[in-house]
Structure formats: structure tokens, C-alpha cells
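Work through the exercises below with the sequence and the coordinates at hand. Each task is followed by a solution in steps.

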Amino acid sequence: MKTYLRQARSIAAQEVAQFTGEGAYHGSTRPRPAPVAEAAPAPVVDEMWPRSLDRYSATERRSIDTFTARFANRYETVAALPVPTQEAVMADGVTFCWCPIDEAIREAGPLTRSVLDEMQRHVSGRKRYVYIDSKIQYFRPGDVPVDSQHWHVDGTIVARDPRVQRLGHALLHDMRARLEGPAEPPTYLSYQSSEHCATLFVTAPVSLTLPELIPNFDDLDRQVRALAPTSVSQPAAVIVRFDGGSLHRAVAASDTGWRLWVRCAETDRRVELSSSIIECYGMVYRTATGAT
Ligand SMILES: [Fe+2]
């Protein structure tokens, strides 16, 4: 399956969809498009093992226990690069979706390659796979880079099996297994070329009472917003490190312009796309009012 897309960009060709808050990419409860080919299920690695869900499968329990969810909110600046021009972002040409880093470095445009070269120096090497995701998007004020502005964490342990259906859901994120381990969460390096549409990261530890298994991020988002913990906007052209216990969220663009976003994921999970999502990966989501 295609993990990169080489495509000329223009303001006129920027694809725009209406913002729904449904989270089209991850954590979505929407029906998924039928996969092109059903890949054999990947073996479950420790990092992605839904340990808490395992405790429910042996019983007929229908209710989900709560626990104290401790988010360490790792957020570290690892490098600061020169802020690129708008023309350099627009002209960079190639974007990625779960592309192995070596292949991404071979195929990347000059700006993305300079980001990947720097990221590669900061890869920890503690995980089996290193994947690159990237987007080149043109925003107007109010546009959102993904179809959700919920506080969330990346790389959750997602289960969609019959045990989940017995609990009355189509999908559950095993938050307890992610936050309490013992397996290390996936880790990430992230870059954004400009600050006019910057991800917001919580930077202090946060404890919440959460169900062990959650069907979406609605309740988590409400609780984090009510707490309003210390957070920062990712600065322009800076590479930051975070992990699967780092709360963050998308924010609507405050200004007009192009943005390159690059994320490097270190994970033990082998990712093989079963359907091509890269064509719609650079979509922007327009809020009706332009409100954040
Ligand atoms: Fe995220």
C-alpha cells in the first residue's frame, strides 16, 4: 500500500471538508471504509496488549471499572530549525503516511528531508519500527488540521473484538494498559513549520478518574478542559518529543498560510495499511463559524 504521495500543491487544490468533531483519522467511531484487502491480523506486541480488557473477557461483567489515570505529559524540545518560507512549504511536494523512515528520507522533498535528517539524530532506537507521517496543508483562519479538537493521546491500545462488543461498544481504548504499562508507550518526534496552526500540549502531570476502557475521548476532553492544566503551543520549526502518555490537541488556525507537519513514531507495532488513506490525509476541516 502507498505510504507516500508526490503531488504539486496549490491554494486552489487544497481539499476542505466540514468540521464535524468526529475525528476522521483515529479514535473515530464512524463506520470505516471497507479495506481494499483484509490483511492478516498483526501479532499483538506488549506495547499494544489490552491487558485490562483481558480481565473482562473471563467474566460476564458488563460495567467498566474506573481508575486513576496519570498522564505524565512528557514534552521535550529536542531541536530548533530555521523557520521555512511559505513557498518552501508549498513546493516540498511529498507527504507520508506510516512510511518507514529510511524510505521517507529517500523520497522526501528538500524541506521535509532536512526535518527527517534532524529527527533521525534523535531516534531513541528503543522500538522496533520508526514511521513517518506528514502533511502539507493550507489553512484559513478557523480551519483545523484534523476532524477533532479533543484532548487525546496518540498510539492508544485500541480493541475492536467480540469482548468489546459484549461490553456494548464497537471500539475501546485500553487507557489503563497504556498508562500503567509495564510496556513502554510509543514515542514521537513532531515538527510544525509555523505557529499559525499549532498543536497544544499539556506540560504538567495530570491525574483524572477515567474508565479503564473508553469508547472515545469525549469524557477525557471534558475533564481536561475543566482542569485547564498548564499547556504550550508547539513553536514554529521546533522538533519536540512526546509519548503515548502526552495529552495534546489540535487548535484551529489563527491565520492564513501553509504548514508542514511531520511526525516520527517509534513503536513495536508493525503498521501495514490495509486501505489507502493518504489521498485524503492532507484534508483540512472548516468550522462553520471559524471558532476554536
Ligand atoms: Fe494526536
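**Exercise 1. Describe the open sheet that contains E9, E10 and E14, and find its edges.**

Solution. The three strands follow the order E9-E10-E14 and pair antiparallel; strands are DSSP runs of E with at least two residues, helices are runs of H or I with at least four, and both are numbered from the N terminus. Strand E9 (158–159) and strand E14 (213–214) are the edges: each has a single partner strand, so one side of each is left without a neighbour in the sheet. Next, take the pairing of E9 with strand E10 (residues 172–174), which is antiparallel and rests on two bridges; two strands count as paired if DSSP finds at least two bridges between them. Within this pair, Ala159 lies opposite Leu172 of E10.

The model is a predicted one, in which local features need pLDDT of at least 70 and side-chain atom pairs count only at pLDDT 80 or more, while totals for chains, interfaces and linings use all residues. Residue numbers start from 1 along each chain as its sequence is written.

**Exercise 2. Summarise the chain as a whole.**

Solution. Start with the secondary structure, which comes to seven helices and 19 strands. Then take burial: 39% of the 292 residues are buried, where buried means 20 or more other C-beta atoms within 10 Å of the residue's own, exposed means 12 or fewer, partly exposed lies in between, and C-beta atoms are placed from the backbone. Last come the contacts, defined by C-beta atoms, placed from the backbone, within 7 Å. Of the contacts between residues at least 6 apart in sequence, 89% join residues at least 24 apart.

**Exercise 3. Check the length of helix H4 and locate its buried face.**

Solution. H4 (residues 110–121) has 12 residues, which at 1.5 Å a residue should span 16 Å; the end C-alpha atoms are 17 Å apart, which agrees. The expected span is 1.5 Å times one less than the number of residues. The buried residues of H4 are Leu111, Thr112, Val115, Leu116 and Met119. Seen down the axis, they fall within an arc of 130°, so they line one face of the helix; the arc is that of the directions from the helix axis to the C-beta atoms. Exposed Pro110, Asp117 and Arg121 sit on the face of H4 turned away from the buried side.

**Exercise 4. Is strand E18 enclosed or open, and which strands pair with it?**

Solution. Nine of the 11 residues of E18 (residues 257–267) are buried, so the strand is largely enclosed by the rest of the structure. Strand E7 (residues 129–139) runs antiparallel to E18 and is joined to it by 11 bridges, with Tyr129 opposite Thr267. Strand E11 (residues 187–192) also pairs antiparallel with E18, over six bridges; there, Tyr191 has Val262 as its bridge partner.

**Exercise 5. Place Val144 in its sheet and list its contacts.**

Solution. The sheet is open, with the order E2-E19-E8 and mixed pairing. Strand E2 (16–18) and strand E8 (143–144) are its edges, each with a single partner strand, so one side of each lacks a neighbour in the sheet. E8 and strand E19 (residues 284–286) run antiparallel and are joined by two bridges, and Val144 has Tyr285 in E19 as its bridge partner. Leaving aside neighbours within four places in sequence, Val144 contacts Phe19, Gln149, Ala250, Ala252, Val284, Tyr285 and Thr287.

Definitions and conventions. Contact = placed C-beta atoms within 7 Å.
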